[in-house]
Amino acid sequence: MNSPNLRRAAGLLLAGSLSLTAATACSQGDDQGASNGKVTLVVNGQPPQTQAFDRKVFDEDVAEFEAANPDIDIEPREGFMDPQTFSAKLAGGQLEDVYYAYFTDPANLIARRQAADITEYVEDVPNYGAIRQELRDVFSADGKVYGVPTANYSMGLVYSRKLFTQAGLDPDQPPKTWDDVRQAAKKIADLPGNEVGFAEYSRDNQGGWHFTAWMYSVGGRIARQDGGKWVADFNNDRGKEVLNHLRDMRWTDNSMGEKQLLVIEDVQQMMGAGQLGMYIAAPDNVPTLVNQFDGDYADYGLTAIPEGEGTLIGGEGYMVNPKASPEKIRAGLKWVAWKYLNPDRIEKNLQRYKDQGQPIGLPVPPAADIWTGDIAAKQDQLKKSMATVPVENFQSYVDVKPEGLIEPPNAQQVYAVLDNVMQAVLTKSDADVDQLLADAEAKVNNVLSQVK
């Protein structure tokens, strides 16, 4: 499950430049992509007209790119990838030349040969090697490359600095372990205002999503490959550790509140109303708290996922139609790199967002968290120098980089099963953890048996 706010982030990230040379004539077997010495490139990711500023940024970038590359015509399309219609669009010749993909999609697309092999072309993309390896791996298989990551998020811990202070906790020293979270949640729940110390999701597949985040944080997994097949991997000591910790917080400490069966909107509302101490979330939740609930950036903190042995990541990137000609592949990579991957345009993008009153300094677009080394350092310095929010409140999230792990295969079906586990632990004080995990394991194994 990708973070809901980051689903709207395509087209808002880093812009860049690329010094590839696009072909100006059709090669044998070209799919009518080049005419009159130009390559016509159909791309998606254009924001809808209802997102006026985002759409304006995207369209301005198209015009600037075309002016700098007169041998390429960009034909933008609204929207992103829809797994329900993707295969039909590809078979019917309606799939864009360059298409957006969530991190959950590439493995299946590659296995079904629905993405072009761009290995020999991506080698010429400047700064490709500076992208975090685990993100590049999402779009790779068997030593070959099939796409380029352009944005990433990972789960962390959002917390109320105001409630931390009221509870006698140091907001500049956020929890580092789940025991720390438990202790802090109890102190917040003991405040006289009926606050909830920690909240968790448990329905609409979001409970399973967050159970996965918990498992990754303590070094566990949800699924593993065994003899070429996927099998469940949570009915073990780590799975019991996670559920017992939640049960203790819910029933022994009474720090999670009486109201359960929550989803993200419920939890955001609690935090926005000043009634919640902590919850697991991606960085894009912070602007939501401010914009939708009249919050103040100074009142919120964001730190790395507790324990930090791993973190659930999501994000997006771009892949190329498998029927695309070499000319289109080159042109497509040129566009993707120019639009999303050039450090030389970080400052310009930050400035135009700042000019529109957008928050600068958070680990969210328009500064994508995909870089390593000097580029990451440059981006961090620019965000701090141009910041409109207290970056120190979110620095502990930026500084700690747990191993990034993507969602399990058939994630939504798996999460639907695991919702039941989370619901039982949070609504029944006598829930049998061992039985819950065993029952879920059998059901998830059935789901995973369908993975091809």
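Reader: How many cavities of 30 Å³ or more does the structure hold, and how does one look for such empty space?

Author: Rolling a probe the size of a water molecule over the atoms shows where empty space is left. In this structure, which is a predicted model, there are three cavities of 30 Å³ or more. The largest cavity holds about 70 Å³ of space, and the residues that line this cavity are Arg-132, Asn-152, Ser-154, Met-155, Ala-304, Ile-305, Thr-311, Asp-369, Tyr-397, Val-400, Lys-401 and Pro-402.

Reader: Once I have such a list, which classes of residue should I look for in the lining of the largest cavity?

Author: Sorted by class, the lining of the largest cavity consists of six nonpolar, three polar and three charged residues.

Reader: What is the volume of the second largest cavity, and which residues line that cavity?

Author: The second largest cavity has a volume of about 50 Å³, and its lining is formed by Gly-361, Asp-380, Lys-383, Lys-384, Val-391, Phe-394, Gln-395 and Val-398. Two elements give two or more residues each to this lining, namely helix 14 (373-385) and helix 15 (395-399), and helix 14 gives the most, with three residues. By class, the lining of the second largest cavity has three nonpolar, two polar and three charged residues.

Reader: Let us turn to helices. How should I read the packing of helix 9 against helix 16, and at what angle do these helices pack?

Author: It helps to begin with the geometry of a single helix. An α-helix has 3.6 residues a turn, so residues three or four places apart point the same way. Here helix 9 (residues 237-252) and helix 16 (residues 411-427) pack at an angle of about 35°, with their axes 8 Å apart, and their crossing is right-handed. From helix 9 the contact takes Leu-243, Leu-246, Arg-247, Arg-250 and Trp-251, while helix 16 provides Val-421, Met-422, Val-425, Leu-426 and Thr-427. In this contact of helix 9 with helix 16, seven residues are nonpolar, one is polar and two are charged.

Reader: Val-242 is also in helix 9; is this residue buried or exposed?

Author: Val-242 is buried, because its relative accessible area is 2%, and the cut-off for burial is under 20%. If residues up to four places away in sequence are left out, Val-242 touches Phe-211, Trp-214, Met-215 and Val-218.

Reader: Where do helix 1 and helix 13 meet, and which residues take part?

Author: The axes of helix 1 (residues 52-68) and helix 13 (residues 346-355) come within 12 Å and cross at roughly 145°, and helix 1 passes helix 13 in a right-handed crossing. Phe-53, Val-57, Glu-60, Asp-61 and Glu-64 of helix 1 meet Lys-348, Arg-352 and Tyr-353 of helix 13. The residues of this contact divide into three nonpolar, no polar and five charged.

Reader: How can I tell what surrounds a residue in a loop, for example Tyr-297, and which residues does Tyr-297 touch?

Author: A careful way is to take position, burial and contacts in turn. Tyr-297 is found in the loop between helix 11 (285-293) and strand 13 (300-304), and this residue counts as buried because its relative accessible area is 13%, where the limit is under 20%. Leaving aside residues up to four places away in sequence, Tyr-297 touches Val-286, Pro-287, Val-290, Pro-359, Leu-362, Val-389, Pro-390, Asn-393 and Phe-394. Tyr-297 and Val-389 are 92 residues apart along the chain, yet their C-alpha atoms are separated by 6.2 Å.

Reader: Which residues of helix 11 are buried, and what covers them?

Author: The buried residues of helix 11 are Asn-285, Val-286, Pro-287, Thr-288, Leu-289 and Val-290. Their cover includes strand 8 (156-160), helix 10 (264-272), strand 12 (276-281) and strand 13. Just after helix 11, Asp-294 takes a positive phi of about 55°.

Reader: Where is Arg-113, another residue with a positive phi, found along the chain?

Author: Arg-113, whose phi is near 60°, is found in the loop between helix 3 (106-111) and helix 4 (119-122). Arg-113 counts as exposed because its relative accessibility is 73%, and the cut-off for exposed is over 50%. Asn-410 has a phi near 50°, also a positive value in a residue other than glycine, and its place is in the loop between strand 15 (404-405) and helix 16. At 24% relative accessibility, Asn-410 counts as partly exposed.

How values were computed: Residues numbered from 1 in each chain as written. Predicted model: local features only at pLDDT ≥ 70, side-chain atom pairs only at ≥ 80, totals over all residues. Heavy atoms only, no water. 1 Å grid on protein atoms, 1.4 Å probe; cavity = no way out; pocket = protein on both sides within 12 Å on 5 of 7 lines; lining within 4 Å. Points joined across faces, edges and corners; volume = space filled by probe spheres on them. Nonpolar A, V, L, I, M, F, W, Y, C, P; charged D, E, K, R; others polar. Helix = DSSP H or I, 4+ residues; strand = E, 2+ residues; numbered from the N terminus. Axes fitted to C-alpha atoms, helices over the stretch in contact; angles between N-to-C directions. Left-handed = near helix turned anticlockwise from the far one by under 90°. Contact = heavy atoms within 4.5 Å. Buried < 20%, exposed > 50% of the residue type's maximum accessible area, 1.4 Å probe, protein only.
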